[in-house]
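Reader: I have a model open and would like to go through its sheets. Can you take me round?

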Amino acid sequence: MAQNQSLKRRVLLISSGILAVLLIVGLVVFSYFYNTIQSELKAKQASYATIATEHSPIETIKETYVYNGDGPYTVVYGQQDHESYYVFVPQKDDLTEDDLKWINTEDGLSKDDMLTIWEEDCDDCQLMSIVPGVVNDEYIWEIIYEDANRMYFQTYFFSDGDLYDSISFRKN
């Protein structure tokens, strides 16, 4: 009987040890792949930002965003002298100069102005992101937020902040 309990204890210890080793190996492999993917994404974003400075009016990069509308874009916010621009660089392999689009920030609402307009309509909302984008050749602000157990994806015209499109999903 004592031999039987000793055997059970030994099997339990060995099983626990194997499980711990597998868990550690899994975490290490996950971390490696996660960091590799993040490094590749950052490198790709940096290359799109470089393309923006080479083929648009901007000389200095202030911020970059990722916008996923009709297709994925890297949006580069930058300046040249006293002018600020948003440059939209499609994320694709066969990119040409003609694929880039840009707009002077003076031609529309600033990020802060758009947030002010949005906050007036949404009291208890939790902002998740605000990103400039392009949809059907229209410059827009995309705002993603949560309100009353729903997730909202709303786009507003860049020029005046009027609602362009809205979609929402119930959160489970």
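**Sheets and a loop**

Author: This is a predicted model. One open sheet has four strands in the order E1-E2-E3-E4, and the pairing is antiparallel.

Reader: Which strands stand at the edges there?

Author: Strand E1 (60–68) and E4 do; each has a single partner strand, so one side of each is left without a neighbour in the sheet.

Reader: What does the twist average from one strand to the next?

Author: The average is 20° in this sheet.

Reader: How many bridges between E1 and strand E2?

Author: Eight, in the antiparallel sense, with E2 covering residues 72–80. As an example to click on, Val66 has Thr74 in E2 as its bridge partner.

Reader: Moving on to the loop between strand E3 and strand E4. Which residue should I look at?

Author: Try Asp99, which lies in the loop between E3 (83–90) and E4 (101–104).

Reader: What does the side chain of Asp99 reach?

Author: The backbone nitrogen of Thr96, at 2.8 Å. There is also a polar contact of 3.3 Å between the side chains of Asp99 and Lys92.

Reader: And which residues is Asp99 in contact with, leaving aside neighbours within four places in sequence?

Author: Phe88, Pro90, Lys92 and Asp94. Lys92 is thus on that list and also the side-chain partner in the 3.3 Å polar contact.

Reader: Next topic, the strands from E5 on. What is the order in that sheet?

Author: E5-E6-E7-E8, an open sheet of four strands with antiparallel pairing. Strand E5 (126–135) and strand E8 (163–170) are the edge strands, each pairing on one side only. Here the twist from one strand to the next averages 15°.

Reader: How do E6 and E7 pair?

Author: In the antiparallel sense, over eight bridges; strand E6 is residues 138–147. Asp147 stands opposite Arg150 in E7.

Reader: What about the turn, how many residues sit between E6 and E7?

Author: Two, and the strands form a hairpin. Ala148 in that turn has a positive phi of about 50°.

Reader: Then E7 and E8, how many bridges?

Author: Seven, again antiparallel, with strand E7 at residues 150–157. Tyr156 has Leu163 in E8 as its bridge partner, and Met151 has Phe169 in E8.

Reader: And which residue in the turn between E7 and E8 has a positive phi?

Author: Gly161, at about 80°. E7 and E8 form a hairpin too, with five residues between them.

Note on methods. Residues are numbered from 1 along each chain as its sequence is written. This is a predicted model: local features need pLDDT of at least 70, side-chain atom pairs count only at pLDDT 80 or more; totals for chains, interfaces and linings use all residues. Side-chain values use heavy atoms; hydrogens and water are left out. Two strands pair if DSSP finds at least two bridges between them. Axes are lines fitted to C-alpha atoms, for helices over the stretch in contact, and angles run from 0 to 180 degrees between N-to-C directions. A polar contact is a pair of N or O atoms within 3.5 Å; within protein, one must be able to donate a hydrogen and the other to accept it, and residues adjacent in sequence count only if both atoms are side-chain atoms. Contact means heavy atoms within 4.5 Å.
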